[in-house]
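Let's take a walk through this fold, with the cut-offs spelled out as they come up. Keep the viewer open and follow along.

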Amino acid sequence: MAPPERSVSQGGIPVVLLGLGEIGQAIARAALLRPDFRVVAAVDPAPSRAGQPLADLLGEPAGDVRVARNLRDVAAPAEGGVVLAATGSRFEEVLPDLEEAVRAGLHVVSTCEELAWPWLNHAEEAAALDALCHERNVAVLGTGVNPGFVLDRLPALLAQVTGPVRHVRGVRVVDVARRRAALQRKVGAGLSEQAFHDGVERGEIGHVGLAESAAMTAEACAGVEEYEVDEEIAPLLAEEDADGPVHVARGQVAGLHHEARVFAEGREIVRLELTIAVGAAEPRDEVELDADPPVRVLVPGGVAGDAATVNAVVNAVPALVELRGLVSVLDLPTGR
């Protein structure tokens, strides 16, 4: 069967690809397959990528698009279109790119985890970005699988069919044995316990965005506006050697268990439990609402992480161009 034709030069929503690491390249491939998109530019500051034909980087047809080093060099042809950004996980590190895109009249869909609910820890900066978006008549969104779906948008959807929600419990278990090396290192695979704790202290180890998911869930499901979010991260040690992108010896860190809990008026209202490890048992996604009636949803095996994030990004675009301001996945329609 011949591969689908790729949308590079014909009509459609103008799209700029920003960040061409592993996830960024996967987003690029998905965007090129969309007949309603028109990929007009790609940007990555890495010397090994800048200047390359996008087709060479992806290893498949991508028209005559070449990778630029700076967004400002390619923004003009895409005005009114959308930047698909796969760069950093922290709000502050992606904010300059967001502001540059918005000033150029571009919407943004980003994989930045903290951007999924920036009002938790960056309220002032989020308000300023929202005002800039309205001034330039565009929208900015952070999305993915987690945060962006499993532990926040899905509970919010389930809450639509219940009475008042007293408590939300979300569980996500991910086996990263055959996942990309960058993800394994992010959860501490192959480290000693001390190195793991040191990495957590430096903010280098752990899943970014779980607190944001917890806050989003609390506001969407329980309707609270004043609350506290607590987080705990613990290492999980390997019981046997494991080969893969990162070698893990018995007794070394295989991954982590991360919890985020939300308290309002002295009572726990949300508990999110995330286990990501090499060889994690019983991979799954589970959401349980204590409400009338109660609701429990189980996804055996769990929603595929990288693929789901890529699809969440590209599927958000048609709805996003109709929105304005700094928005969240709660502002998107339920369907595509």
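## A guided tour

Start with E226, which is exposed at a relative accessible area of 72%. Here buried means under 20% relative accessible area, exposed over 50%, and partly exposed in between (1.4 Å probe, protein chains only). Before going further, note that this is a predicted model: local features need pLDDT of at least 70, side-chain atom pairs count only at pLDDT 80 or more, and totals for chains, interfaces and linings use all residues. Residues are numbered from 1 along each chain as its sequence is written, and side-chain values use heavy atoms, with hydrogens and water left out.

Back to E226: you'll find it in the loop between helix 8 (210-222) and strand 8 (228-237). Helices (H or I, at least four residues) and strands (E, at least two) are DSSP runs, numbered from the N terminus. E226 joins E219, E225 and E265 in a negative surface patch. Patch members have over 30% relative accessible area and no salt bridge, and like charges are joined within 9 Å. Asp and Glu count as negative, while Lys and Arg count as positive; His and the chain ends are not counted. For the distances, a charge is placed at NZ of Lys, CZ of Arg, CG of Asp or CD of Glu.

Now for the sheet. Seven strands make an open sheet in the order 3-2-1-4-5-6-13, with parallel pairing. Its edges are strand 3 and strand 13 (325-327), each of which pairs on one side only. Two strands pair if DSSP finds at least two bridges between them. Strand 6 (residues 139-142) runs parallel to strand 13, and three bridges join them. Look for V140, which stands opposite L326 in strand 13.

From strand 3 (67-68), the loop leading to strand 4 (82-85) holds A76. A76 counts as exposed at 66% relative accessibility. The C-alpha atoms of A76 and L237 are separated by 50 Å, with their positions 161 residues apart along the chain.

What holds charges together here? Side chains of opposite charge can pair when their charged atoms come close. The count comes to 17 salt bridges, each one a side-chain nitrogen of Lys or Arg within 4 Å of a carboxyl oxygen of Asp or Glu.

One of them links E114 and R90, whose closest N and O atoms are 3.1 Å apart. E114 sits in the loop between strand 5 (107-110) and helix 4 (123-136), and R90 in the loop between strand 4 and helix 3 (91-103), so the pair ties together parts 24 residues apart in sequence. E114 is buried at 9%, whereas R90 is partly exposed at 32%.

Another salt bridge joins R169 and E273, with closest N and O atoms 3.1 Å apart. Because R169 lies in strand 7 (residues 165-175) and E273 in strand 10 (residues 267-277), this pair ties together parts 104 residues apart in sequence. R169 is partly exposed at 28%, but E273 is buried at 14%.

Then there's D306 with R180, where the closest N and O atoms are 2.9 Å apart. D306 is in helix 9 (residues 305-320) and R180 in the loop between strand 7 and helix 6 (181-186), which puts the partners 126 residues apart. D306 is partly exposed at 21%, and R180 is partly exposed at 23%. Finally, E259, R261, E268 and R271 are linked in a network of salt bridges.

Note on methods:
Patch = residues over 30% accessible without salt bridge, like charges linked within 9 Å, V, L, I, M, F, W, Y side chains within 5 Å. Areas by Shrake-Rupley, 256 points an atom, 1.4 Å probe, with all protein chains shown as cover.
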